[in-house]
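User: Please take a close look at a single helix in this structure and at what surrounds that helix. I am a first-year student, so explain each term when you use it.

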Amino acid sequence: MSQQTTTTGDAQVAPAAAGVSGAVSVSGLTKRYGEVEAVRGVDFAVEVGETFGFLGPNGAGKSTTISMLCTLVSPTAGSALVAGHDIVGERDEVRRNIGLVFQDTTLDGYLTAEQNLRLHAELYGVPKQLVRGRMQQVMEMVGLWERRDSLVNHFSGGMKRRLEIARGLLHSPRVLFLDEPTVGLDPQTRSSIWSYIRQLKTQEQITIFLTTHYMDEAEYCDRIAIMDQGQIIVLDTPEALKAQVGKDRVQIEAEDPPAVIAALKQRFDLDAVIAEGKVTFGVTNGEHFLPRLFAELGHPIRGVSVARPSLDDVFLSYTGTTIRDAESSENNDRMRNLARMMSR
Amino acid sequence: MATRAGAPSELAPAGAVPAVPEVAGVRVPARSARGELRAIKVVWKRELIRFSHDRLRILTALMQPFLFLFVLGTGLSRIASAGTHGVSLRTFVYPGVLCMAVMFTAMFSAASLVWDREFGFLREMMVAPVRRSSLVLGKCLGGATVAGFQGVIVLVLAGLVGIPYAIPLLLEICVLMVMLAFTITAFGVMVAARVTQIQSFMALMQMAIMPMFFLSGALFPVIGLPLWLSILNRLDPLTYAVDPMRRAIFNHLHVSAVARHDLVPGVTWFGWHVPGALEAAVVGLLGSVMLGVAIFQFSKTD
């Protein structure tokens, strides 16, 4: 088993630098499905012990990237090292060192929770004498030890998710991949899943790589990469990203949005766009701007909201659209369906 | 758009003093032949666990053999009696019916692969550090085992249709049965590699299995057939499972030479009598080829 060369802090490691790598290092990774380029040459590096998030709308190429890093899909071009092993040349080495929680449930509902985990332990060759103890440990971590004899089909969505996270940890992977760990769950369950994930960070030495399209969840990450249309648009800590935007977001409900946009440009020199059906723009010190807006705009306004910068605004400022609008665009749906079909 | 992926920030917390785990971390061992055997066993065992949970499936799979043996067999026996030389029609169709029960169970076993794909369990297995071939082989062995088990249940009925419970006979039938089960599972797995929807899979399998059953001579002796039918019969793999089974059964019955000649003429290739061992080999070979194709298909990645 190869030893990890831990690089921290000032390490300005170029992703492809001479075999030295953190938990994950990726360079020029590309995946093409026929005409469609799902992932268009991404580069990034994830440090050991980091929680790294991929943020972007559905169809941005997040799942395809994860599938490539987990050796389920071969890249069209580019390369990547996961836990120090090449994802194409050392598939088995990679697989032995990663845990993967898929976007859709991959449990056998006709088996009990314990049977599911036992099958996994055997597939990964977890030594027999360790199975019981390790199983208890990971199941207690997600609060399911008492339910180990229940059929998985009788579990709620949140319990299944937790069991999958426990299963992903069973063989002590060095990198845990979570593909949309909370998608389709209600807000309460989502926050409980997150408290398990954060607790996990204190108990296991592990790097977590996750994807999400919930902005608020990206805040939990040490660093995030915003992905859109197969490319990484920006990568930094959530704080730094928000600081970069620095502006408050103002949204106006107007009778005649195009006229308002034109007026904003003309009178205040602001570039506004229509997002979520409202005229949207960023401005420093939003509260103080509003009185001027009402006085000088000269167009009827039905409503106004001002919000402090969030990751939504980061997304907006880099892509010119909010993540929700990006989600609903037809093009992305097609991409996602295609990517899912191909990955089956 | 230019990628502005920043350099790793100094905020990356390299392990916030991890608590000492109570259980030593697991080390996943390197790939080995033992590991592959274990993977085969895991997939095989899961097949068995699921089969044992599904009592309804065991019962419903008995339905068809019952209908064929006791309803059709009894109903037709009066008009057929002239040609059977005193042998009960039920005894005659028994090997065919047994094969059918085995085939359907094997087919359902392979069908669960399509479920696994649809509901994701297959992906969980595919990302494990084991060969795809081990997974496919485990699946085929699992299907062969549960289908063989279903066959044994039908075999218990043999006495009711006048077949003696002679150990050598039962063993011979079991071997043929398991080989057939393996081949059909391999066939199903091969198809399942390409088909993503359970409905299409079932339709395809029905389309394959019903003609196989009717062409195989499960319900009639393979002698004096019109040319087109005898050609199709010789091409049908099931022919090579039903015929040796029926010959084995008749070897343990006290019947006249005429009856033997008319009812179990044996399969011929251009007039040459194909020996039972070769027939079994045909079934086994076909299964191995299909297993190979299935492994190839599952080993491909996008």
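Analyst: What follows deals with helix 9 of chain B and then with a residue in helix 7 of chain B.

This is a predicted model, in which local features need pLDDT of at least 70 and side-chain atom pairs count only at pLDDT 80 or more, while totals for chains, interfaces and linings use all residues. Residues are numbered from 1 along each chain as its sequence is written, and chains are lettered from A and ligands numbered from 1 in the order in which they are written.

Helices are DSSP runs (H or I, at least four residues), numbered from the N terminus. Helix 9 of chain B covers residues 239-251, which makes 13 residues. From first C-alpha to last, helix 9 of chain B reaches 18 Å, close to the expected 18 Å; the expected span is 1.5 Å times one less than the number of residues.

A residue is called buried if 20 or more other C-beta atoms lie within 10 Å of its own, exposed if 12 or fewer do, and partly exposed in between, with C-beta atoms placed from the backbone. In helix 9 of chain B, 10 of the 13 residues are buried, so the helix is largely enclosed by the rest of the structure. Among them are Y240(B), V242(B), D243(B) and R246(B).

The buried residues pack against helix 3 (89-119), helix 6 (167-192), helix 8 (227-235) and helix 11 (276-299) of chain B. Contact here means that two C-beta atoms, placed from the backbone, lie within 7 Å.

Take helix 6 of chain B as one of these partners. Two packed helices are described by the angle between their axes and the distance between the axes. The axes of helix 6 and helix 9 of chain B come within 10 Å and cross at roughly 175°. Axes are lines fitted to C-alpha atoms, for helices over the stretch in contact, and angles run from 0 to 180 degrees between N-to-C directions. Helix 6 and helix 9 of chain B are therefore roughly antiparallel, a label for angles over 145 degrees. On the helix 6 side, L169(B), E172(B), I173(B), L176(B) and L180(B) meet A241(B), P244(B), M245(B), A248(B) and I249(B) of helix 9 of chain B.

F201(B) sits in helix 7 (residues 198-215) of chain B. With 22 C-beta neighbours inside 10 Å, F201(B) counts as buried. Leaving out residues up to four places away in sequence, F201(B) touches A111(B), V114(B), V191(B), A192(B) and V195(B). The C-alpha atoms of F201(B) and A111(B) are separated by 7.1 Å, although the two residues are 90 residues apart along the chain.

Terms used. Helices (H or I, at least four residues) and strands (E, at least two) are DSSP runs, numbered from the N terminus. Angles under 35 degrees count as roughly parallel, over 145 as roughly antiparallel, 65 to 115 as roughly perpendicular and the rest as oblique.
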